[in-house]
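Q: Please take one small part of this model and look at it closely. Start from a single residue, then work outward to what surrounds it.

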Amino acid sequence: MKKHQSLIALACTLALALSAPLTGRADEKAKSDDKPAASTEPMYSVSCPSPCEFTVKSHDKAELIAAIKAHAKSHHKMDMSDKDVEGMIKVKEAKKS
């Protein structure tokens with residue numbers, strides 16, 4: 001039982017240690033990003049059909065396309081072209097101030 005608890009503690013420690021650098025990098029990227037405020041850009045989104053229900057939203061169309069292609073390949077064993085993904089994209093225009 002003690003060995004089992006030690007393994008759980010080790011797994012939790014590793015998960016925390018690995019997630020900390022990712023959070024720091026995201027904060028640094030947000031601070032150093034020279035793009036205009038997100039509210040002035042359209043929001044792109046794609047959702048996988050049910051039962052998967054995977055959803056990606058981004059102001060960066062290329063980033064969204066890459067994420068969907070990677071998801072399709074890793075979770076559904078599908079190779080999608082950029083054109084395939086573009087046919088699935090929904091666009092929400094930014095509100096003008």
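A: Start with Ser58, which sits in strand S2. Helices (H or I, at least four residues) and strands (E, at least two) are DSSP runs, numbered from the N terminus. The model is predicted, so local features need pLDDT of at least 70 and side-chain atom pairs count only at pLDDT 80 or more, while totals for chains, interfaces and linings use all residues. Residues are numbered from 1 along each chain as its sequence is written, and side-chain values use heavy atoms, leaving out hydrogens and water.

Ser58 is buried, because its relative accessible area is 7%. The scale is this: buried means under 20% relative accessible area, exposed over 50%, and partly exposed in between (1.4 Å probe, protein chains only). The side chain of Ser58 reaches the backbone nitrogen of Asp60 at 2.9 Å. That is a polar contact: a pair of N or O atoms within 3.5 Å, where within protein one must be able to donate a hydrogen and the other to accept it, and residues adjacent in sequence count only if both atoms are side-chain atoms.

Who else surrounds Ser58? Beyond four places in sequence, Ser58 is in contact with Pro42, Met43, Tyr44, Glu63 and Leu64. Contact here means heavy atoms within 4.5 Å.

Now the strand itself. Side chains alternate along S2. Val56 and Ser58 point to one face and are buried. Thr55 and Lys57 point to the other face and are not buried. This is the general pattern: in a regular strand the side chains alternate between the two faces of the sheet.

Next, the sheet. Three strands make an open sheet, ordered S2-S1-S3, with antiparallel pairing. S2 (55-58) and S3 (90-92) are the edge strands; each has a single partner strand, so one side of each has no neighbour in the sheet. On average, neighbouring strands of this sheet are turned by 20° against each other, direction ignored. The partner of S2 is S1 (residues 43-47), paired in the antiparallel sense over four bridges. Two strands pair if DSSP finds at least two bridges between them. Ser45 stands opposite Lys57 in S2. Ser47 has Thr55 as its bridge partner in S2.

A helix covers this part. H2 (residues 61-76) packs on the sheet and touches S1 and S2. The direction of H2 makes about 165° with that of S2. Axes are lines fitted to C-alpha atoms, for helices over the stretch in contact, and angles run from 0 to 180 degrees between N-to-C directions.

Then comes the core. Ten residues form the largest nonpolar core: Tyr44, Val46, Val56, Leu64, Ile65, Ile68, Ala72, Met80, Val85 and Ile89. S1 and H2 each supply at least two of these residues. H2 gives the largest share, four residues. A nonpolar core is a set of buried Ala, Val, Leu, Ile, Met, Phe, Trp, Tyr and Cys residues joined through side-chain atoms within 4.5 Å. Two core members, Tyr44 and Leu64, are also contacts of Ser58. Ala72, another core member, touches Lys77, Met78 and Met80, not counting residues up to four places away in sequence.

Step back along the chain to the loop between S1 and S2. Pro51 lies in this loop. The peptide bond from Ser50 to Pro51 is cis, with omega near 10°. Cys52 lies in the loop too and is partly exposed, because its relative accessible area is 30%. Leaving aside neighbours within four places in sequence, Cys52 is in contact with His71 and His76. Cys52 and His76 are 24 residues apart in sequence and 9.5 Å apart in space, C-alpha to C-alpha. Glu53 is also in the loop. Glu53 has a positive phi of about 60° although it is not a glycine. At 59% relative accessibility, Glu53 counts as exposed.

A positive phi also occurs past H2. Lys77 lies in the loop between H2 and helix H3 (82-86). Phi of Lys77 is near 55°, and Lys77 is not a glycine. Lys77 is exposed, with a relative accessible area of 70%.

Last, the setting. The protein chain has three helices and three strands, running α-β-β-α-α-β from the N terminus. Of its 97 residues, 15% count as buried.
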